[in-house]
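Grab a pencil and have the structure open beside you. The exercises below start with the whole chain and then move in on single helices and residues.

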Amino acid sequence: MASPTPRLATASRQAEIVSAALRLAQERSPALITTTDIAQSVGVTQGALFKHFENKEAIWLAAMEWVRENLMHEIQTAAAASPEPLQALRKVFDAHVGFVSHHPGVPRLIFHELQQPADSPLKESVRGLMKSYRQLLLNLIKQAIQAGQCDPDLDAPAAATMFVGIMQGLVMQSMLSGHVSTLRSEAPRVFDLYLRSLRTPV
């Protein structure tokens with residue numbers, strides 16, 4: 001059996017390193033995670049780690065790019081699964097809850113980076129994710145308004161902001177409680193309240 005090409009071997013090792021970093025972020029702040037911690041988690045030396053990433057910042061940037069690609073793929077797939085806008089919005093919400101439940105280190109990484117005062121490539125990646133996410137939400141909300149499912153006077157940008165705020169609040173509560181199950185148990189009831197605020201008054 002042929003051995004993997006150097007490029008494939010590098011990509012595979014980089015993916016392992018990114019996965020290890022996000023796994024470690026489940027339990028502590030990214031600021032407290034060292035390259036030694038990450039190397040030990042992967043089972044390589046620190047020197048071997050630096051063959052794949054220049055420094056810790058490069059690892060976190062790669063991790064954020066992984067999040068951006070995979071989260072957007074999941075919510076776009078969820079949105080496309082329903083032709084009915086509000087149902088698609090619920091599927092996006094459920095997909096995001098599922099993603100965070102499976103990768104609880106992700107919100108810790110995002111919240112940590114957004115707290116930093118200086119701009120950085122990592123913060124720019126977070127902004128790119130939020131911009132793409134917000135645009136998807138806006139499109140669905142506008143479609144719901146056009147379909148008569150929402151109040152015709154609904155402020156779509158504000159509704160998109162509320163969606164993101166609800167998700168962030170639920171995630172923060174689950175982080176404070178230390179139980180991801182809190183997110184899954186609270187999410188459906190909270191989203192039902194959100195939908196009631198969007199619908200056309202009877």
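Here are six short exercises, each with a worked solution.

Before you start: this is a predicted model, in which local features need pLDDT of at least 70 and side-chain atom pairs count only at pLDDT 80 or more, while totals for chains, interfaces and linings use all residues. Residues are numbered from 1 along each chain as its sequence is written, and side-chain values use heavy atoms, with hydrogens and water left out.

**Exercise 1. Describe the protein as a whole.**

Step 1: Count the secondary structure; there are nine helices and zero strands. Helices here are DSSP runs (H or I, at least four residues), strands are E runs of at least two, and both are numbered from the N terminus.

Step 2: Get the extent. The C-alpha trace spans about 65 × 40 × 30 Å along its principal axes.

Step 3: Check burial. Of the 202 residues, 41% are buried (buried means under 20% relative accessible area, exposed over 50%, partly exposed in between, with a 1.4 Å probe and protein chains only).

Step 4: Look at who touches whom. Take the contacts between residues at least 6 apart in sequence: 68% of them join residues at least 24 apart. Contact means heavy atoms within 4.5 Å.

**Exercise 2. Find the largest nonpolar core and the helices that build it.**

Step 1: Know what to look for: a nonpolar core is a set of buried Ala, Val, Leu, Ile, Met, Phe, Trp, Tyr and Cys residues joined through side-chain atoms within 4.5 Å. In soluble globular proteins, nonpolar side chains tend to be buried together.

Step 2: Size it up. The largest such core has 64 residues, and Ile 38 and Leu 89 have the most contacts inside it.

Step 3: List the contributors. Helices H1 (6–24), H2 (35–42), H4 (56–80), H5 (85–102), H6 (105–114), H7 (121–146), H8 and H9 each give two or more residues to this core.

Step 4: Follow Leu 89 outward. Neighbours within four places in sequence aside, Leu 89 touches Leu 137, Leu 140, Ile 141, Phe 163, Phe 191, Tyr 194 and Leu 198.

Step 5: Turn to H2, whose buried residues are Thr 35, Asp 37, Ile 38, Ala 39 and Val 42. Just past the end of H2, Gly 43 has a positive phi of about 95°.

**Exercise 3. Work out how H5 and H7 pack.**

Step 1: Take the geometry. The axes are 8 Å apart and the angle is about 155°. Axes are lines fitted to C-alpha atoms, for helices over the stretch in contact, and angles run from 0 to 180 degrees between N-to-C directions.

Step 2: Name the arrangement. H5 is therefore roughly antiparallel to H7 (under 35 degrees is roughly parallel, over 145 roughly antiparallel, 65 to 115 roughly perpendicular, and the rest oblique).

Step 3: Sort the contact by class: it has eleven nonpolar, two polar and no charged residues. Ala, Val, Leu, Ile, Met, Phe, Trp, Tyr, Cys and Pro count as nonpolar, Asp, Glu, Lys and Arg as charged, and the others, Gly among them, as polar.

**Exercise 4. Do the same for H6 and H7.**

Step 1: The two axes come within 10 Å and cross at roughly 115°, so H6 is roughly perpendicular to H7.

Step 2: Pick out the partners. From H6 come Leu 109, Ile 110, Glu 113 and Leu 114, which meet Leu 122, Lys 123, Val 126 and Leu 129 of H7.

Step 3: By class, this contact has six nonpolar, no polar and two charged residues.

**Exercise 5. Now try H8 and H9.**

Step 1: The axes of H8 and H9 (residues 181–198) come within 10 Å and cross at roughly 160°, so H8 runs roughly antiparallel to H9.

Step 2: Residues making the contact include Phe 163 and Ile 166 of H8 and Ala 187 and Phe 191 of H9. By class there are 13 nonpolar, four polar and one charged residues.

**Exercise 6. Which are buried and which exposed: Met 167, Arg 196 and Ala 58?**

Step 1: Met 167 sits in H8 (residues 156–177). Met 167 is buried because its relative accessible area is 3%. Beyond four places in sequence, Met 167 contacts Phe 93, His 96 and Val 97.

Step 2: Arg 196 belongs to H9. With a relative accessible area of 64%, Arg 196 is exposed.

Step 3: Ala 58 lies in H4 and, at 24% relative accessibility, counts as partly exposed.
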